[in-house]
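Student: I would like to learn how to read a protein model, one feature at a time. Where should we begin?

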Amino acid sequence: MGLDYAAVEKEVCKKMTAETIVSMIRILVFPGALFLFTLAFFYEWVDRKFFARLQNRYGPLHTGPHGILQPIADFFKLLSKEDITPHASDKLVFILAPIFYFALPLTTLFVIPILSQTSLISFEGDLIFVIFAFTLIIITVFLAGWSSINRFSTIGSMRAAVQMLGYEIPMGLVMVGPAIAAGSLSISRIVEWQSLNFWLILLQPLGFAVFTVCLLAELQFVPFDIPEAETEIVAGWRTEFSGRKLALLRLGRDLELVLASALITSLYLGGSQQFWLIPPIVIFLVKTTFAVMLLSLLRAVFARFRIDQMLSGMWKYLLPLAALQIILIQLGLGG
Amino acid sequence: MYNDLLISLPVVFFLSLVVALILYLVGWIVAAKGEKTAGKGAPYACGEDLPPRKFQVNVEEFLIYAVYFLIFDIFAFTLATSLKTPGYFPIVYTLIVLMAVVILMPLRRRG
């Protein structure tokens with residue numbers, strides 16, 4: 001009878017508040033939003049610098065040591081610019097598109113294991129969610145271009161939608177490859193499986209190659225930058241965006257780059273695993289930096305395809321390769 | 001359990017939207033506010049004077065890819081959800097899909 005209910009309640013409340021604060025810090029600061037922003041800006045710098053060095057240019061140079069702060073400076077400059085909404089545009093979609101283009105990759109990054117082998121949000125089937133999120137990003141791109149009522153934007157958004165018909169299927173197929181090997185549709189489980197067995201790049205090199213090419217298309221990087229082909233259609237689907245909207249679009253693109261490199265790392269390069277005394281986060285950063293550099297290398301050595309070349313090439317070469325990889329896994333090779 | 005509820009996809013997505021809105025608001029506060037002129041609100045057109053109209057892009061030649069896309073999208077999903085089934089089931093699926101593609105080939109040539 002000596003139980004003091006008020007004290008117990010107070011204790012529970014205190015515990016819940018503490019838990020809430022810890023959770024909020026994990027979502028908003030580390031390894032959540034703020035950390036991911038820093039990573040996004042850093043990888044944009046890595047991409048730009050490496051790309052420039054491959055072309056025998058210097059790249060960003062003046063802001064911070066070796067220009068490392070340049071992407072952040074660009075972001076704040078764009079935020080402080082005048083935001084122009086064309087009269088003819090579909091206002092609601094035009095305003096909402098950059099917000100969703102930014103929020104979708106940010107949300108998806110939470111299912112990727114960064115700090116340890118288990119991600120912040122992990123459930124059976126989060127791999128399917130990632131595929132779904134990639135499709136949603138392209139739909140946002142399409143709506144962004146379509147709502148601008150500008151001929152360059154319309155052509156850009158149509159190209160983005162048509163391009164999606166090409167790379168989405170090979171990408172979906174090879175993303176299932178690691179899942180079949182690990183026997184689970186959860187990215188955390190796939191990483192765990194790789195720490196006990198081999199890295200999947202050794203078992204499924206074909207899948208890794210196809211996945212990398214498809215990610216180039218997803219990121220609209222050079223051989224597949226058809227939706228925003230600078231020399232043909234100004235800035236493609238982004239033509240009418242300016243000021244804070246363009247800032248959000250660019251940060252969204254950087255987050256997508258982080259997502260792409262994190263996916264390569266988690267699905268094929270063993271993810272964030274402890275190696276000797278080195279903590280998993282350092283391993284993860286090294287691997288993702290390598291993945292970003294691989295993507296920039298491919299961006300530098302190819303020239304842009306035409307949309308019909310891209311589509312027929314994807315269906316003629318990439319899809320059979322992806323199917324071959326799946327068949328090989330099912331026959332017991334590569335998993 | 002309470003913690004699981006807080007760190008879940010819908011909550012994180014909602015918080016991401018809030019972060020985006022905050023950045024939007026910051027942009028609205030710090031941005032330069034220029035005067036609105038007719039030229040500024042007109043669509044960008046490389047110096048040409050074009051009326052802002054919706055227009056249709058003809059993508060008919062890519063229709064066949066859309067059909068393939070439908071077939072393979074279902075295939076990929078079936079494959080993804082048949083993880084625990086024995087090895088030959090997915091191979092049978094694959095063969096059925098390949099057959100469908102072969103049957104569709106003449107359609108493409110005629111188109």
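Tutor: Begin with helices and strands: they are DSSP runs, H or I over at least four residues for a helix and E over at least two for a strand, numbered from the N terminus. One case is B:M105, which lies in helix α5 (residues 88-110) of chain B. A word on the origin: this is a predicted model, in which local features need pLDDT of at least 70, side-chain atom pairs count only at pLDDT 80 or more, and totals for chains, interfaces and linings use all residues. Residues are numbered from 1 along each chain as its sequence is written, while chains are lettered from A and ligands numbered from 1 in the order in which they are written.

Student: How many helices and strands does chain B have?

Tutor: Chain B has five helices and zero strands. Read from the N terminus, its elements run α-α-α-α-α.

Student: Is B:M105 buried or exposed?

Tutor: The general idea is a count of C-beta atoms, placed from the backbone: a residue is buried if 20 or more others lie within 10 Å of its own, exposed if 12 or fewer, and partly exposed in between. B:M105 has 10 C-beta neighbours inside 10 Å, so B:M105 counts as exposed. Its C-alpha lies 9.2 Å from that of B:I64, with the two positions 41 residues apart in sequence. For chain B as a whole, buried residues make up 15% of its 111 residues.

Student: What does B:A31 touch, apart from its neighbours within four places in sequence?

Tutor: Two residues are in contact if their C-beta atoms, placed from the backbone, lie within 7 Å. B:A31 is found in the loop between α2 and α3 (38-41) of chain B. Leaving aside those sequence neighbours, B:A31 is in contact with A:L79, A:S80, A:K81, A:E82, A:D83, A:G243 and A:R244. B:A31 counts as partly exposed because it has 18 C-beta neighbours inside 10 Å.

Student: How many residues of each chain are in contact with the other chain?

Tutor: The contact involves 57 residues of chain A and 50 residues of chain B. On the side of chain A that touches chain B, at least two residues each come from α1 (5-28), α4 (91-108), α6 (151-182), α11 and α13 (307-330). The largest share, 14 residues, comes from α6(A). For the classes, Ala, Val, Leu, Ile, Met, Phe, Trp, Tyr, Cys and Pro count as nonpolar, Asp, Glu, Lys and Arg as charged, and the others, Gly among them, as polar. By that scheme this side of chain A has 36 nonpolar, 13 polar and eight charged residues.

Student: How do I describe two helices that pack together?

Tutor: Two packed helices are described by the angle between their axes and the distance between the axes. Axes are lines fitted to C-alpha atoms, for helices over the stretch in contact, and angles run from 0 to 180 degrees between N-to-C directions. In chain A, the axes of helix α2 (residues 33-54) and helix α11 (residues 243-268) come within 8 Å and cross at roughly 85 degrees. That makes α2(A) roughly perpendicular to α11(A); angles under 35 degrees count as roughly parallel, over 145 as roughly antiparallel, 65 to 115 as roughly perpendicular and the rest as oblique.

Student: Which residues meet there?

Tutor: From α2(A) come A:L36, A:L39, A:A40, A:F41, A:Y43, A:E44 and A:D47, and they meet A:L251, A:D254, A:L255, A:L257, A:V258 and A:S261 in α11(A). By class, this contact has nine nonpolar, one polar and three charged residues.

Student: What is a nonpolar core?

Tutor: In soluble globular proteins, nonpolar side chains tend to be buried together. A nonpolar core is a set of buried Ala, Val, Leu, Ile, Met, Phe, Trp, Tyr and Cys residues joined through C-beta atoms within 7 Å. The largest nonpolar core here has 128 residues, and those with the most contacts inside it include A:Y101, A:F211 and A:V258. Helix α6(A) gives the most to this core, with 19 residues. Not counting residues up to four places away in sequence, A:F211 touches A:M171, A:V174, A:M175 and A:I264.

Student: Which backbone features should I look at in the loops?

Tutor: Look at the peptide bond angle omega and the angle phi. A cis peptide bond joins A:F30 and A:P31, with omega about 0 degrees, and A:P31 is in the loop between α1 and α2 of chain A. A:N56 has phi near 65 degrees, a positive value in a residue other than glycine. A:N56 sits in the loop between α2 and α3 of chain A, and is exposed because 6 other C-beta atoms are within 10 Å.
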